[in-house]
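I opened this entry to note how the strands are arranged in one chain and how that chain meets its partner.

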Protein chains: 2
Amino acid sequence: MTPSNIGRFKLKHTDGAARAGELSTAHGMINTPVFMPVGTQGSVKSLCPEDLENIQATIILGNTYHLYLRPGDDLLAQMGGLGRFMRWDKPILTDSGGFQIFSLSDLRKISEEGVEFSSHIDGSRHFFTPEKVVAIQNNIGSSIMMVLDECVPYGADRAYTAKSLKLTTDWASRSRIFYPPGTGNQLMFGIVQGGFFHDLRKESALQITGIPFDGYALGGLSVGESKEEMLDIMYYSAPLLPVDKPRYLMGVGKPLDILEGINTGIDMFDCVLPTRNARNGTLYTSLGQVNIKRAQYARDEQALDPGCDCYTCRNFSRAYLRHLYMARELLSYRLNSIHNLRFFTGLVAKARQAILEGRFSGLIKEYRGIYKI
Amino acid sequence: MTPSNIGRFKLKHTDGAARAGELSTAHGMINTPVFMPVGTQGSVKSLCPEDLENIQATIILGNTYHLYLRPGDDLLAQMGGLGRFMRWDKPILTDSGGFQIFSLSDLRKISEEGVEFSSHIDGSRHFFTPEKVVAIQNNIGSSIMMVLDECVPYGADRAYTAKSLKLTTDWASRSRIFYPPGTGNQLMFGIVQGGFFHDLRKESALQITGIPFDGYALGGLSVGESKEEMLDIMYYSAPLLPVDKPRYLMGVGKPLDILEGINTGIDMFDCVLPTRNARNGTLYTSLGQVNIKRAQYARDEQALDPGCDCYTCRNFSRAYLRHLYMARELLSYRLNSIHNLRFFTGLVAKARQAILEGRFSGLIKEYRGIYKI
């Protein structure tokens with residue numbers, strides 16, 4: 001790919017608000033809509049790079065907060081970046097660490113300058129500024145960087161949310177000044193906040209989209225709100241984002257949430273749900289959710305999802321998967337994660353195909369029947 | 001393979017006491033010396049069947065005690081046997097459960113009839129007889145069955161050991177009567193006990209080799225004795241076993257122990273060491289042991305063992321392996337297990353080649369230098 005292509009987003013087709021596109025990055029092109037498996041600290045839990053290729057992941061996510069603390073971004077820079085370190089040569093998106101600082105770490109202290117926090121690992125004190133977070137992501141060498149934002153907790157009142165929104169805009173602006181368009185081969189996305197207030201979402205979107213980012217994200221969702229509140233903000237906010245740039249819904253969600261997101265015109269998704277639920281024995285199939293520990297599967301010789309092409313479903317029975325889960329075998333985590341992630345990558349691939357063929361509304365209707373929640 | 005081949009053991013070459021052979025089983029032929037990865041309860045911890053093929057495992061071990069308790073041998077029979085259940089179509093050896101009953105379970109009560117014990121999982125009471133243990137292994141459908149024995153604890157006195165030896169012989173005899181030669185397509189091995197007394201080992205060997213088994217094992221080693229005591233019994237006992245049958249040293253051991261075993265004329269080995277140590281970050285390499293958590297590896301870009309052909313060494317740096325270990329990532333267990341098992345299968349393959357070429361004494365001398373303990 002020539003450097004001039006990097007960041008180019010081509011819409012191939014639209015179907016209602018749903019979009020099928022192509023995003024070019026320094027590490028390859030991504031077909032959208034896309035689901036990004038979460039590789040928190042340099043590993044999508046239990047999976048190796050071959051597994052990720054086999055489930056047809058085209059981009060994965062790394063967490064800036066975790067990678068900064070361990071193994072450290074300076075080490076990653078020395079190793080040639082995260083991709084080379086973990087032997088993943090396709091695109092990587094790194095978040096800004098904002099969400100983790102506000103959910104994992106203790107004793108955080110926010111100022112206009114940045115945010116001070118304690119490591120959840122050893123309690124050590126650290127200070128993140130918008131500029132530092134970009135520098136860390138430069139060291140990590142991701143394909144797409146996210147700017148530092150304040151992720152407002154669910155239930156925050158209007159006054160707090162409005163004040164926070166301004167801080168997030170200020171930080172976004174400083175991030176882009178620190179790393180102007182065309183600086184390197186990493187893309188940079190801005191994040192819209194505004195909590196659960198329509199007018200604040202609109203205000204944030206206006207401010208953030210006024211800064212020339214390569215893509216725009218909706219943050220602050222999936223933080224404890226009801227499904228109705230989440231859908232309300234998604235359907236309200238997505239159209240506020242530019243048509244000609246990729247749109248990313250951060251941290252969402254369940255299979256149907258993702259289809260609803262696509263239905264609002266979102267292009268990119270990430271969520272820990274498929275891997276975390278895999279480790280808890282909750283598996284997604286084309287016929288609905290399966291709790292593999294249930295006794296009914298003890299002697300069930302069928303594949304978990306007979307329609308699935310993943311390694312797990314091509315090789316093992318529900319009975320074996322249940323046994324591995326009940327015996328707490330390490331292989332259980334991997335086989336379940338392979339399947340759940342393939343379900344998610346397969347779901348967005350199906351959505352893309354449906355958009356290209358103008359039948360996305362049929363697809364979402366079908367899944368609203370299978371996945372009611 | 002025609003059924004008449006099953007159980008045939010062909011010596012291809014000897015080099016001193018060391019032997020290179022071929023053992024035919026219902027599920028394929030095994031080149032000996034061979035190392036058998038331990039798949040306790042239907043899974044070699046963290047590995048899938050493809051991993052096992054890639055590390056060139058040719059036979060794995062399953063634990064009768066564990067499989068009987070979970071998922072249950074009746075379930076395995078219904079699923080077409082353990083191999084089909086876990087998608088491993090090559091040979092499997094199952095132990096008799098004796099060692100686990102005497103090391104894991106509580107409140108065991110031994111009688112001439114058999115042994116009563118409590119499950120380590122739920123405390124439920126169970127009773128194993130020699131005949132029942134064979135029937136369980138019939139259900140499991142392994143290629144090689146082991147007879148029930150009493151594994152005498154280290155430090156047992158002469159009187160106890162002598163009495164126990166007679167019980168083990170009686171149980172071995174009942175096992176073979178219950179499943180006479182030629183009954184089915186499963187092989188059956190007897191086990192020599194006798195603790196750390198030469199004359200009792202000799203007595204046990206005489207009695208056990210008087211029963212027409214398909215192979216003979218040395219049990220009761222690696223139970224807490226010193227290295228000198230173990231080597232003493234190994235070097236004393238191996239020559240007491242028939243030349244024309246495969247010889248199996250149960251539960252041993254470290255890399256050098258295995259080479260010493262081969263040097264005494266042993267053909268088959270199993271041990272949890274490579275997988276257990278992998279999970280603890282202790283890795284075996286051609287240059288000696290590596291504790292991957294050590295800070296010196298934090299920025300080490302070399303392969304763990306540059307001379308190794310395993311997936312781990314072909315793809316990842318010591319720095320990445322250290323990071324995965326320090327971050328307690330699930331992938332750490334798998335990558336480390338792949339490497340350690342490949343080290344063990346590679347070690348016995350090297351030993352076999354050396355025997356075929358008449359230079360085994362040089363090989364063991366080399367490893368006595370690398371692995372002093």
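Before reading the sheet I fixed my terms: helices (H or I, at least four residues) and strands (E, at least two) are DSSP runs, numbered from the N terminus, and two strands pair if DSSP finds at least two bridges between them. I kept in mind that this is a predicted model, in which local features need pLDDT of at least 70, side-chain atom pairs count only at pLDDT 80 or more, and totals for chains, interfaces and linings use all residues. Residues are numbered from 1 along each chain as its sequence is written, while chains are lettered from A and ligands numbered from 1 in the order in which they are written.

I looked up the open sheet of chain B and found 8 strands with parallel pairing, in the order β4-β14-β13-β12-β11-β10-β6-β5. Its edge strands, β4 (34–36) and β5 (60–62) of chain B, each pair on one side only.

Within this order I followed β12 (215–218) and β13 (247–249) of chain B, which run parallel and are joined by 3 bridges; B:Tyr216 has B:Arg247 in β13(B) as its bridge partner.

I then turned to β8 (115–118) and β9 (125–128) of chain B, an antiparallel pair with 4 bridges, where B:Phe117 is partnered by B:His126 of β9(B). In their hairpin, with 6 residues between the strands, B:Gly123 takes a positive phi near 80°.

Last, I checked the contacts between chains (C-beta atoms, placed from the backbone, within 7 Å): 30 residues of chain B are in contact with 30 residues of chain A. On the side of chain B that touches chain A, α13(B) gives the largest share, 5 residues.

Methods:
Two residues are in contact if their C-beta atoms, placed from the backbone, lie within 7 Å.
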